Amino acid sequence: MSLLTNVMDHSLDDGYAEAAARKEADGSGGMPKTLRAKLGLAAGLVLAALVVTVGAAQARVAAPVVAKEREELVDRIEAETSAADKLEKSVDELRDDVNTRRREALEKSGDGDRSDLAGMLSGAVEVHGPGVKLVVDDAKDVGTGADGQPRGTSGFSDTGRVRDRDMQRVVNGLWESGAEAISINGQRLTALSAIRAAGDAILVDNRPLVPPYTVLAVGDGERLSRGFQDSADGLYLHALQESYGIRTAISVADDLKLPAAPSVIVRTAQPITEKGTS
């Protein structure tokens, strides 16, 4: 108890107390005593205040400039976005006009049914009909699989995200199971469509998509659903769900509507024309 009482009564070590007393007696502690020291301290304080004042003034002057540049950038982005929307609307109107004129021309030539079939198969026209709706989404906790472990890598930094190769297998499995038309997040697929990756984003025909990925496939709904789930690609998707937490849901729909592809441009292939016989 005497030790505790001594510590509480003498919280400051006696040596420190004696050193402070000697320093005060020598005149080396406290405020500067000489005029030169006082002037140096005052000059230091004035310099520090000047630096703070100049910094505050520069920040105050730069703030309106930064705000103006930001406002101009936002206005420019909005203007370019509006222009892009107008161009896209114009493209859609021109595409509809071309399809209408082509259909009228083919009807006059007596080949309208064949043209409609070609348009549906190529993705050049809108289609609707029964089919399946398949939703594929990243794992709930992106970064780990269902077992809490990081998803294995094979050329990609897999972390429970749906990858382009996964969507490629989904689409190929649906085609193989009897799908007649497919779209992903409203993007119609054609024979020329490509599913690629850019970082963590999935691109379909160079257009970025964001999860969840909604895949619509027109075809015999029940048969298409069973065929896909029993196929190798359907089992692959199921394995992603079980092992890595990828979320999937498939359902049969009575009527699905798929948009036309943005553009179907063939640069190399040429149609075969039948030559008359003499």
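Here is a walk through this structure, from the whole chain down to single residues.

Keep in mind from the start that this is a predicted model. The chain has 278 residues, and 24% of them count as buried. Its secondary structure comes to 7 helices and 8 strands. If you look at contacts between residues with a separation of 6 or more, 73% of them involve residues 24 or more positions apart. The accessible surface of the chain adds up to about 19,600 Å², and carbon and sulfur atoms account for 56% of that.

Now let's find the sheet. Five of the strands make an open sheet, and its order is E3-E2-E7-E1-E8, with antiparallel pairing. Which strands sit at the edges? Those are E3 and E8, since each of them pairs on one side only. With that order in mind, we can cross the sheet strand by strand.

Start at the E3 end. E3 pairs with E2 in the antiparallel sense, over 2 bridges. One place to see this is Ser-183, which stands opposite Arg-188 in E3. The two strands form a hairpin with 2 residues between them, and in the turn you'll find Asn-185, which has a positive phi of about 50 degrees.

Next, take a look at E2 itself, which covers residues 181–184. In general, side chains in a regular strand alternate between the two faces of the sheet. Are the residues on the two sides of E2 buried or exposed? Ala-181 and Ser-183 on one side are buried, and so are Ile-182 and Ile-184 on the other, which leaves both faces of the strand covered.

On we go to E7, residues 213–218, which pairs with E2 over 4 bridges in the antiparallel sense. Two of the residues we just met have partners here: Ile-182 is matched with Ala-217, while Ile-184 has Val-215 as its bridge partner. How many of the 6 residues of E7 are buried? The count is 5, so this strand is largely enclosed by the rest of the structure.

E7 is also joined to E1, by 6 bridges, and these two strands run antiparallel. Ala-217 turns up again at this point, because bridges work pairwise between neighbouring strands: Val-132 stands opposite Ala-217 in E7. A little further along the chain, Val-136 stands opposite Tyr-213 in E7. Val-136 has a partner in E8 as well, namely Thr-248. E1 and E8 run antiparallel too, with 10 bridges joining them, and E8 brings us to the other edge of the sheet.

Let's step away from the strands and pick out two single residues. The loop between strand E1 (127–137) and helix H5 (164–176) contains Gly-160. Gly-160 has a relative accessible area of 0%, so it counts as buried. In the sequence, Gly-160 and Gly-245 are 85 residues apart, but their C-alpha atoms are separated by 6.7 Å.

The other residue is Ile-265, found in the segment after strand E8 (247–258). Why does Ile-265 count as partly exposed? Its relative accessible area is 48%, and the label "partly exposed" is used for values between the 20% limit for buried and the 50% limit for exposed. Ile-265 and Leu-192 are 73 residues apart in sequence, yet in space their C-alpha atoms are 8.7 Å apart.

Finally, what about the empty space? Rolling a probe the size of a water molecule over the atoms shows where such space is left. The second largest pocket holds about 480 Å³ of it. Its lining is made up of 21 residues, and the closest to the pocket's centre are Asp-92, Arg-95, Glu-126, Pro-259 and Ala-260. Helix H3 (35–109), strand E3 (187–188) and strand E6 (207–209) are the elements that give two or more residues to this lining. H3 provides the largest share, with 8 residues. Sorted by class, the lining of the second largest pocket has 8 nonpolar, 5 polar and 8 charged residues.

Methods
Residues numbered from 1 in each chain as written. Predicted model: local features only at pLDDT ≥ 70, side-chain atom pairs only at ≥ 80, totals over all residues. Heavy atoms only, no water. Buried < 20%, exposed > 50% of the residue type's maximum accessible area, 1.4 Å probe, protein only. 1 Å grid on protein atoms, 1.4 Å probe; cavity = no way out; pocket = protein on both sides within 12 Å on 5 of 7 lines; lining within 4 Å. Points joined across faces, edges and corners; volume = space filled by probe spheres on them. Nonpolar A, V, L, I, M, F, W, Y, C, P; charged D, E, K, R; others polar. Contact = heavy atoms within 4.5 Å. Areas by Shrake-Rupley, 256 points an atom, 1.4 Å probe, with all protein chains shown as cover.
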